[in-house]
Amino acid sequence: MAPAKCKTPASSKITKDVIDAVVADSTKKKDEDARKAAAEKITELVNAATVAEEPMLIDLLEVAITLAGDNKSKNVRDAAAVAMAAFPAKLSEFAVRAALKPIFTGFQSQFWQSTTAALTLLDSFIERNPAAVAACLPEIIPELAQVMVHMRDEVKQASTATMEKCGKCVGNIDIDPFIPTLIECIHKVDEVPECVHKLAATTFVQQVEAPTLSIMGPLLQRGLFFQQITAIKRKSAVIIDNMCKLVEDPMDAAPFLPKLLPLLKRAMDEVADPECRQVCTRAYKTLLVAAGESSDAVIDENAESKRTDEATVRAQMLKMMTEISGASEADMAAFVDTAEVKPYFEYICTLSTNALLAKNFDLDTWKKYCATAYLALFFEGAEDATKKLVDIAHAEYEASKKVFIVEDEEGEDLCKCDFSLAYGALILLNNATLHMKKGKRYGLCGPNGCGKSTLMKAINNGQVDGFPPPEELRTVYVEHDIQGDQHDMSVVEFVLDNDVIKQHGTSAADVEATLLSFQFTERMINGPVVALSGGWKMKLALARAILMKADILLLDEPTNHLDVKNVAWLEEYLCSQNTVSSMIVSHDSGFLDRVCTHIIHYETRKLVTYKGNLTEFIRQCPAAKKYTELSNDELKFIFPVPGFLEGVKNKDKAIVKANNVHFTYPNTDRQIIQGASIQLSLSSRVACLGPNGAGKSTLIKCLTGEVEPQMGTVWKHPNMRYAYVAQHAFHHVEQHLEKTPNEYIRWRFQTGEDKENLTKVTAQYTEEEERLMKEKIPVPQEDGSILKLVVEKIISRRQKKSKYEYEVQWKGLSLDNTTWMEKEKLEKYGFAKYLVRIDEREAARAGLYARPLTQANVEKHLIDFGLDAEFGTHNRIKGLSGGQKVKLVLAAAMWQQPHIVVMDEPTNYLDRDALGALACAVKEFGGGVLLITHSCEFADALKEETWDVPGDGKVYITGNKWGQGKKGSGKGENVEWTPEEDTVDALGNVVKVKGPKKKLSRKEIKAKAKARAAKLAEGQDLTTDSDWDLDEYIGEQKEKKVKSKD
């Protein structure tokens, strides 16, 4: 007897006997008519089926797929195709999970037509309910990946198309752009490394669920494959580690334990690199924790997944039915296990499991497609049981979500959303809450690299879960660099070349009026964008953002390149906006303090909002005081010791001089620099100050060789090395985004000279210089005759007495017939720039002796500048934050142990920690420093000398100590050149580093002279450096004798 409120369902039209008869006919290999009749019978049964017959259709589905691949009769295949087409309309849209067994049977069939029939059925489910298919992707993707390598082209094409559709089911816009690449990796293993690199630099802002992990699974498995290179194994492990940290529901990660844990374990045991093994171990433990296990748990690879399954739903459904009916659990369990009820009950459990995995808690959907319609066939309390099941499941799901509560306040809400954010190999935010009000100004604070700019870009790109779409809330991201893709346009045309501004119907007059209010002159407005200085380009970006009529301005370092006057104007403008909100990232603590109404602070991967300005924030959070101090105990930059300079014995001795320099940009009439005369020494601490567009950067470019003055001379010590960090900090690395920082430095200096210097104007030959270098040069011979020869190349340099000579190879002559020529003679024939390159190469070689260009040495160097191995060696440049890229630029410039460091706006993009580290490094640096900065605090902390460039072409110098040294105050510091320590090259060989030449006594000079004379008498070549250095020692002794006589 059935329990209360239960009844035996009416007999189905599709009984076990009917199914057995169809199966029997379908397996008659020699009877085509029987197999065709079976296919037609299936069509008939499916078309006539109602809810009462639906569970039985799954058994018929497997038969139909098998018949669709009949290899003996096209008639059978055609009949089966008709039957297959009838199934989708009769099955619940959540029947994907129930249909997996028949579908996989088709995938594994030896007949390709059965495989394509199964793919077609899966496509129909995707079309009806993508979310239901996405919930089953952990099971589908591995099987489908096997089909994609099928030998039949038709199957390959169909399965690839189905995989693309599955990828779109994932519903994660972060990986949508990578789906074609992820699919391509299944076909081509060679593409795996590149895809892993791309994935590691992807910004993930949406919660990572089972579908996302599923589509990435094949790639990560191949990335960890034993034949893969160590770097890719490591990066794959890092991605697994970080993705799992964004998984909220342990059941999302559970299916991947048996697939990824063995590969991680193998890497932990077999990879030679200890650092890679450590990363794999960390990923192994994180994956276990994400799946709800302890970090030291031992997992059976063949154990059942702990993901929500039919058993969980079955137990909960029985409990609901027992409570509603009042029957005992034993009676209800026996009832649902009867032959008449069991098919329905099991089918309901499978449909419900599919819906729960899809996180669908819509009661109407459950009534129609999951439970009520089928439960009502044998249980009177079907609706109540369904409602209770959905309510309980929904409550448990909500309880598992970790929501960070933010204190509310009055005002109109613009957004209130919970989301997670990662940058490939780095977790930035996890279940953080962002709450913004209208007319407020929010300062975004956190250490460099925590993800401030990434968050703002994600908001602007619509990648933040729960953030209102652009139709409801307009956000405009103001970048710290304007790209020059419209350089030929005027400023007004550049502003109007924006889709949003065009939609608003903004006219040229409106643009001009706005630019005038931003203090642009008529000349600037009508001039080209390329003519604007860095500060004016930033103001142009701000003006364009305001013309886009934003509800929220996303300002990333808005004060960069702005002088004090323009910063004050910006503060006044932002504070006057009552209807426009702002989110601001700035390292200018004073600016934040005067502008912000709230501070949003990064705290342990959460966003915590504090009411008030920066001062009030520090009162509530004392640890944040570091954001206002120009010092740092945690981060430290270590500048390398400058290399040896011949003849420089006092730090005040000039090693760079510019005399009467004039410069005007081509096609302009304004003289930017007029009659400037300056000099630099190892003791220089110079701040170059002036308003935007005054010519500060141009003056620096004249000194470093970026531009060539029209009048005047610039001289530097032949062995002196510059480190130049340009105003737009990414200038040096923007062409190398696919390299790691370590690879970039090794590429840049692999030839022994700085490749970035080869693009300087002063390294490019003029037509006149090229003509002169091709002319014949008179060369005296040993017999007194003179040959006229053409230079092929200059090989090396040596110092003879107090002058340099260069070894010249001649065209048409062998290497044995080279000639040493004086510098002055070669300069006369147009080789001045060529000789500068030789000097720079020799200077660079001196640095390379001390520090071979190996991965280990470069990695240590990058660590000295705040880039640890994770970012310096294992991540590509395109995945670095703005601040990290500047650290790379600084580290690269300092690789050759420079004597003068030139930094144009070094405070841009560096947070307070990094600025403090930079200030400390500059104070301890043994060479000269030249700074251009708008940060008075930074300049005042370091400068001893000031170059004021007001914009009239003149350079006004105060505080200089030129020529004082020993003759002046007597305080000039002597230079003590310490020999470099021995170093180890990439193969572990000890490299003996050659230091400055040792002074010889008169007795030693005589002994060397006698040995050299004996060599010459025997006709031997003078091949060693000591043979040639003797001339210098003899010359010095003669000079001493002359001086003593005087």
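The chat below goes through a sheet, a cavity, a salt bridge and two loop residues of a predicted model.

Student: What kind of model is this, and how are residues numbered?
Tutor: Residues are numbered from 1 along each chain as its sequence is written. The model is predicted, so local features need pLDDT of at least 70 and side-chain atom pairs count only at pLDDT 80 or more, while totals for chains, interfaces and linings use all residues, and side-chain values use heavy atoms, with hydrogens and water left out.

Student: In what order do the strands of the open sheet come?
Tutor: The order is S11-S10-S13, three strands with antiparallel pairing, where strands are DSSP runs of E of at least two residues, helices are runs of H or I of at least four, both numbered from the N terminus, and two strands pair if DSSP finds at least two bridges between them. Strand S11 (671-681) and strand S13 (711-716) are the edge strands, each pairing on one side only.

Student: How many bridges join S10 to S13?
Tutor: Five bridges join S10 (residues 654-664) to S13, and Val 656 has Lys 716 in S13 as its bridge partner.

Student: Which helix packs on that sheet?
Tutor: Helix H32 (residues 696-704) does, touching S10, S11 and S13, with contact meaning heavy atoms within 4.5 Å.

Student: Switching topic, how many cavities of 30 Å³ or more are there?
Tutor: The search of the whole structure finds nine, a cavity being a set of points, on a 1 Å grid over the protein atoms alone, where a 1.4 Å probe fits but cannot get out, with lining residues having an atom within 4 Å of a point.

Student: What lines the second largest one?
Tutor: Its lining includes Leu 213, Gly 217, Cys 244 and Phe 256, and helix H12 (210-223) gives the most, with three residues.

Student: And how many salt bridges?
Tutor: The count comes to 32, taking a salt bridge as a side-chain nitrogen of Lys or Arg within 4 Å of a carboxyl oxygen of Asp or Glu. In one of them, Arg 314 and Glu 346 have their closest N and O atoms 2.7 Å apart. Because Arg 314 lies in helix H17 (residues 310-325) and Glu 346 in helix H19 (residues 342-357), the pair ties together parts that are 32 residues apart in sequence.

Student: Where is Lys 359?
Tutor: Lys 359 is in the loop between H19 and helix H20 (363-370), and its phi is near 55 degrees, a positive value in a residue other than glycine.

Student: What about phi of Glu 557?
Tutor: Glu 557, also not a glycine, has a positive phi of about 50 degrees, and lies in the loop between strand S6 (552-556) and helix H29 (564-575).

Conventions:
Axes fitted to C-alpha atoms, helices over the stretch in contact; angles between N-to-C directions. 1 Å grid on protein atoms, 1.4 Å probe; cavity = no way out; pocket = protein on both sides within 12 Å on 5 of 7 lines; lining within 4 Å. Points joined across faces, edges and corners; volume = space filled by probe spheres on them.
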